[in-house]
Structures are given as C-alpha cells and as structure tokens.
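Visitor: I'm new here, so could you show me around and tell me how you know each thing you say?
Guide: Happy to. Let's look first.

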Amino acid sequence: MSRSSQQGTESGRAPSAPSLIRILKPRWMVIAISVVILSALAMIISKQQAATFQASSRIFLDTSDQTLGANSVDAGRFVQTQAQLATSTATLDEIAAKLKTTRADVADRLTTTPSDEGYFFTITGTGTSEQAAIDFVNAATAAYTSQLGKSGAGDETLVDTLTRIRNEKATQLQGLDQQAQTQEGGASDPGLTNQRLVLQDEVKALNTRITEAGVNVAAAPTTIRLAEPSRSEGQVAPSLFRNVLVAALLGLFGSAAGLWIMYQRRPTILDPHNSADLMGVPLIADLPASRTSANAAETLVSAMSAVMSPTSKVVAFTPASRTDLSSELVAAVAAAWSDDQGVVLILDTSAQSEVRASLEGLPRPTSAELPRWAHEPTCLARSSGTGRGHILYNRVSPARAARPGGLAPILADRAPVVDLVILVTAALADLPMTAASAIQADAVVVITSPDTNLKELEQVPRDWPALAERVVGVVHDGRTAVRRNAGGGRGSSQAAVESITSASPVGGEAASRAPRDTEATDRYARPAKR
C-alpha cells in the first residue's frame, strides 16, 4: 500500500521530551550496580583507615569593662578575636614545639569555634587515641593562655621596653643636673633649664606607663574566666555509616546523571509512539516484553492485515537497528501467516541472520503441492507446525539485494506461486543498502525496540522519501537486545518449535532427528530455462 497520497499532508513529528524517570526506569539495573559497587568500595576503604578520636574544651571569657578596656568594644568580636588567637601562628608553633611535631600537623588537628550563644569558644583537637586527643587539647589550651599574656596590653615586652627608655631618659637627666651644678654661682643657661624640665616630665610619664603596663600584665590571664577540662568525644573517623551513605548517594545521583547525559547523546525509544511520530505512520503493534512468540505473531499478523493492501504480495521486515528484529519473531509470523494462507516465502537479505536456525526446528513439509524449487538444495522447506501451511526460506546475499532491482528476478520467479513473501532486510542504520532492498517490496514494516536510536530513525523520512512512502506502520518489540537474542528461535529443541507455533508438529519428522542443511552464501538458484 503506497503512502504517496499522504506525504503532502502527513510528516514526521518530533517526539515529546521524555521525563527523567522514563529515561532511568529501563536502566535501573545500571543504577543499582553503581550504588552497590561504590558502597562496597566505601566500606572497604573505611575499614582500612586508621581510627581518629576527638576531644574538646570550652574557654569562657571575661567580657567586663575592666577586661575589655572600653565600653565601645564589641564583646562578640572580642570572643572571635580570642578564638583566632588560639589558632595563631605563634600558638601553633608553641604547640608544635611542646608536642614535637610540625605546625602543619597541628593546624590540621586544631580548630576553634566561637559560640553564638555565649561569650566562649570551643577548642577541638584530634588524635590517634582518646588520651592523645585530650593531651592535644590540653596543650592547645596552655599555649593559648601563654600567648594571652604576651599579646595586646598584657605584653611583657612592653614593660621591658618602657623601663629601658625610662632609664635612658633618667641618665640624660642626671647629666643635665651635673652641668647645672657646675654652673652655680654663674649665670644660668635657659636652654639647659628647659631640657631638664622636659626630661623630668618624660620620666614621670614613663613611670606612669610602666605602672599601667605592669598592672595589665598581671591582669591578662584573668581574661579567661573558666577553662573546662578537656573531654573526649569518641571516635569520629572513619564513620562507616556516613561513608557508605555518601558513596551510595554518589552512585545514585552520579549514575543517574551519567545515564541522562548518555541518553541526550544517543536518545532511544522510551515511548512506542516515538518511532511512529518520527516516521509519520501508525503504530500497528506494541509487543510487550513478557509475551510468547505465538502471541506476538498473531498480534502482528492481524495488525499487518489491517494496514496492508489486499494486493500486497511482498512485505519487508526492516529493523531500525541491527538487533531490533529477532529471528524467532520472523519465524513465528511466517508460521502464523502460512496457517491462514498456505505458503510463505522468506527472503533473508540481512548480513547476519539466524532465521534459518529458527526454522530448522520445524518439521519437514507434508504437502507435495509445493513449487518445484522448494525441493532444491538452495531452499529450506518446512511445515508451519500445524500441517496446514508451509514456510520456504531462501538466503540472498546482501550485495545482490542492495543492487537496484537485484531482487526483481527472484520475486518475478517465486512471488506468483506463493501466498506471501517476507523480505528480511538490513537495518535502517545500514542505509542506503537497506533502501535498495526494501524499496522493492510492496509494503515496509519497520521494527523498533527500546534500543532503537531515534537520531538514526528520524533521518529516514528526511533523507529517503522513496523508502518512507512505502512504510505502512511501525512495530515496537518491548524486549531488550539481550532477551531478543537469547533462547528464542533455536530450532534444535521441541520447546523452541512449540514456542513458535503454539502447536505440536503434525505428520512431520521430529526436529531433534531432522538432518541439517548446509547454508550457502546465496540460497537463490536461477530458474531453469524451458
């Protein structure tokens, strides 16, 4: 049935953007494997890590006006400053010297946290054991207390500096006093008198500063109102549950993101109607994954009868991708169709096909009213399994089928004497070879699956209009590539025969005892001249 009259009004429609759930649902096994592997790795790594313990101590500060020195000082900022002092370079060096380690190691193990609820900060340290962590925090507290007496107004070096300057000024004043005594009885020098007065004022001011600095040095340690004894917080690393949980979440979201990116690069069919929308043809059959070959064949035969013209004699089965069409489905459709109409000829032009292996499990033909070439070595003849129909199989080389009109002699010789010709072509991914063979059929049925690449499928209506106008419908096989290629269609067992025909063989030789025919590259023999 030609669709040329519909091409002017009907064109392919782009499928709607799929949701993330629809992308991930068919690939849930990949996500599960990723989660399990990363969780196992996290567990192994956590088991191999050395244990780390943690201890802490809270330092409460005096924020009175006497300690702050002025009412304008923000007590909150004062707490933050003291917390930073506890992690200053001088403090880290003092801790490192006491513990005989490096400053970098101390910096990695020491943290201070100012409190938002009170005037205190927390010193936290880690160690290889509980006692090591407690000793480390005690050393940090002692170093902070030591540095507190050496910084700001409580700096002991300030007292020493002021005392040295005061002594120098006092020495200069004594020298001026001696000069003034030598000038007694004579005229006094006004300049010398002024210098003496200035030095006397400076010495008095320095004495006042020295007194204040000494008081500050004595009061500096009182900035700490209370230093709690260090307490252990137990083992903090490795955290087996946390590491496994993080690894599991990483595997979950990482694999989901990876699958989403891979789908964007190679979009596949998530909705069976996607392929029909791209091709601009109806979806004539949606074969579920949990189905038998016989049920699928009956569904497909009924759907093809509805869309094909009664005069159509040759129908091409064209997979969208190389693994979309299973051999057992072709054999089952041929058996079901032959039961109704008599003789079905399969012309197999695909490069790698196992249709022959699926048919060899069927019984030998029971009718003598078959074409003369059905009994030749170049043709495989089998009964459909119920005794009412027959299947003939010819293997045609892909190179011959791909030539323009390459199938014409075969079809002219054999199509008139059979009821239906099923032409198994190469995949649409192998264009233009597919177009050359499929275009010689009366109708083309495209077979898709969840593995079909939408980008390859959408180029058919655009780049191959002559092929697209012969497509009468799309059949979606819900099975994945692994299930399509496993088990079904192996004709060496009686179970495989029954799965194709849904009936026991009647009047034929048992499949297990049937001799196998050798397969040639080209199963077609030219008709003898009369």
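Guide: A word to start with: contact means heavy atoms within 4.5 Å. This is a predicted model, where local features need pLDDT of at least 70 and side-chain atom pairs count only at pLDDT 80 or more, while totals for chains, interfaces and linings use all residues. Residues are numbered from 1 along each chain as its sequence is written, and side-chain values use heavy atoms, leaving out hydrogens and water.

Visitor: Okay, what does Ala51 touch?
Guide: Skipping residues up to four places away in sequence, Ala51 touches Gly127, Thr128, Gln235, Ala237 and Pro238. Ala51 also lies 7.8 Å from Val236, C-alpha to C-alpha, though 185 residues separate the two in sequence.

Visitor: Why is Ala51 called partly exposed?
Guide: Buried means under 20% relative accessible area, exposed means over 50%, and partly exposed is in between (1.4 Å probe, protein chains only). Ala51 has 32% relative accessibility, so it counts as partly exposed.

Visitor: And why does Arg400 count as buried?
Guide: Its relative accessible area is 10%, and buried means under 20%, so the label fits. Arg400 is in helix 15 (residues 398-402); helices here are DSSP runs of H or I with at least four residues, and strands are runs of E with at least two, numbered from the N terminus.

Visitor: What makes Ile33 partly exposed?
Guide: Ile33 has 43% relative accessibility, so it falls in between the cut-offs of 20% and 50%. You'll find Ile33 in helix 2 (residues 28-48).

Visitor: How do you know that strand 8 and strand 10 pair?
Guide: Two strands pair if DSSP finds at least two bridges between them. Strand 8 (residues 343-348) and strand 10 (residues 390-395) are joined by 6 bridges, so they pair, and they run parallel. Within this pairing, Leu347 stands opposite Asn394 in strand 10.

Visitor: What is the order of the strands in the open sheet?
Guide: The 8 strands go 6-13-12-7-11-8-10-9, with mixed pairing.

Visitor: What makes strand 6 and strand 9 edge strands?
Guide: Strand 6 (283-287) and strand 9 (380-383) each pair on one side only.

Visitor: Which strands does helix 12 lie across?
Guide: Helix 12 (residues 293-307) lies across strand 6, strand 7 (314-319), strand 12 and strand 13, at about 175° to strand 6. For that angle, axes are lines fitted to C-alpha atoms, for helices over the stretch in contact, and angles run from 0 to 180 degrees between N-to-C directions.
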